[in-house]
Amino acid sequence: MKPAPFKYHSPRSVAEALELATSLENAKFLAGGQSLMPMMNFRFVQPDHVIDLNLIDGISAIERRGDRLFIGAMARQRDIERSSVVQETCPIIPEAYHLVSHTQIRNRGTFGGSLCHHDPASEQPCFTAALDGIVIAQSKRGQREIPMSAFSKGYMTTAIAADELMVGASLAIWPKGHGYAFIEYSRRHGDYAIVGVAVLVTTDVNRRINKISIALCGVAPGPVRLHAAEQALMGQSPDATQFERAADIARGIEAMEDAHVTADYRQHLAGVLTTRALVAAAARIKN
Ligand SMILES: Cc1cc2nc3c(=O)[nH]c(=O)nc-3n(C[C@H](O)[C@H](O)[C@H](O)COP(=O)(O)OP(=O)(O)OC[C@H]3O[C@@H](n4cnc5c(N)ncnc54)[C@H](O)[C@@H]3O)c2cc1C
């Protein structure tokens, strides 16, 4: 299939891109094209205008900003995965990227494209939610910050308006020596997760959990933070009995069903993978 006819635009600045997004009807931003182009070729999406973001400077930074990691929307997934600042501050991110698709796709695919495309099974919104991500969106009205808890608006739908551009997101940097794990089940290596789980955890001097984050992908339209399980584990020792309590909560998630698997199976996977991710993360804690 070939896409329906469209007009191509190549702005050189964010301001120019926003001017186009505001003035043109039925326009779409193009990042790495890894999802947009197939969707246009299948004619699931038929924009009249495509606004290419690839020649815009200043929206692909990957850098530490105080106690947060900032990732620009046009940062390539492969660059994020290989970035020394990411490996040092948020090691769960490279771990998750090893499960995302294949090198060729990560070479072109972008962080912003993934968050805005918002596939329910994507690892990227999931680790962003686990790291208390805040998406930064810009329009002609100015900039606004959208916490991940308010970013997902339903199946492949986000809080980003048609005239807004995601310029990046900031993610929490956890203390040095924190435990982390990203674990998933997919049919083949590189496929989207059927269910994936991100865990970050720290313990105090008495080896009691004093900070924990658990997020799942693949179960619901957007990433799910397991706040009830996080609360249940606070102040507890990181052992099998406590992790089983968290797994029970994960199994209780209202899960989606689709052509691939049933909701029951997703709930089962949520429980099993939550336990595995907790065990793996706890084993990595270095106090
Ligand atoms: C075969 C295959 C396997 C894959 N497997 C996985 C996987 O296992 N896990 C996973 O997480 N991902 C997977 N992906 C997705 C891939 O890694 C990309 O994240 C995804 O395709 C988005 O690509 P992109 O950055 O090129 O964005 P594009 O395709 O260019 O854009 C995607 C959407 O986001 C919008 N958009 C892009 N940038 C912005 C912005 N800055 N502001 C507002 N809107 C914007 C576009 O208008 C479009 O609607 C896979 C993709 C393919 C083709």
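A residue is called buried here if 20 or more other C-beta atoms lie within 10 Å of its own, exposed if 12 or fewer, and partly exposed in between, with C-beta atoms placed from the backbone. By that count, 44% of the 287 residues of the protein are buried. The model is a predicted one: local features need pLDDT of at least 70, side-chain atom pairs count only at pLDDT 80 or more, and totals for chains, interfaces and linings use all residues. Residue numbers start from 1 along each chain as its sequence is written.

**Figure 1. The whole protein, with its twelve helices and 14 strands.** Helices (H or I, at least four residues) and strands (E, at least two) are DSSP runs, numbered from the N terminus. The radius of gyration, taken over C-alpha atoms, is 19 Å, close to the 19 Å that the globule rule gives for 287 residues, so the protein is as compact as a globular protein of that length. That rule is 2.2 Å times the number of residues to the power 0.38. Along the principal axes, the C-alpha atoms fill a box of roughly 60 × 45 × 35 Å.

**Figure 2. Where domain 2 meets domain 3.** An automatic or database domain assignment supplies the bounds, which are 7-52 for domain 1, 62-172 for domain 2 and 180-283 for domain 3. The centres of domain 2 and domain 3, taken over C-alpha atoms, are 20 Å apart. Counting two residues as in contact if their C-beta atoms, placed from the backbone, lie within 7 Å, 22 residues of domain 2 are in contact with 20 residues of domain 3. On the domain 2 side, α5 (92-97), α8 (123-130) and β8 (152-154) each supply at least two residues, and the largest share, six residues, comes from α8. By class, this side has 13 nonpolar, six polar and three charged residues; Ala, Val, Leu, Ile, Met, Phe, Trp, Tyr, Cys and Pro count as nonpolar, Asp, Glu, Lys and Arg as charged, and the others, Gly among them, as polar.

**Figure 3. A closer look at helix α8 and the residue that follows.** Eight of the eight residues of α8 are buried, among them Glu123, Phe127 and Ala130. After the helix comes Asp132, with a positive phi near 50°.

**Figure 4. Inside the largest nonpolar core.** Such a core is a set of buried Ala, Val, Leu, Ile, Met, Phe, Trp, Tyr and Cys residues joined through C-beta atoms within 7 Å. Among its 82 residues, Ala198, Val199, Leu216 and Ala246 touch the most other members. Helix α12 (residues 263-283) gives the largest share of this core, seven residues. Leaving aside residues up to four places away in sequence, Ala246 touches Ile214, Leu226, Ala229, Ala232, Leu233, Thr274 and Leu278.

**Figure 5. Val201 and its surroundings in strand β12 (residues 195-203).** Val201 counts as buried because 24 C-beta neighbours lie inside 10 Å. Beyond residues up to four places away in sequence, its contacts include His178, Ile209, Pro238 and Ile285.

**Figure 6. Two loop residues with positive phi, Arg43 and Ser101.** Most residues other than glycine have a negative phi. Arg43, with phi near 60°, lies in the loop between α2 (36-41) and β3 (49-52). Arg43 is exposed, as 11 other C-beta atoms lie within 10 Å. Ser101, in the loop between α5 and α6 (103-108), has a phi of about 50° and is partly exposed, with 18 other C-beta atoms within 10 Å.
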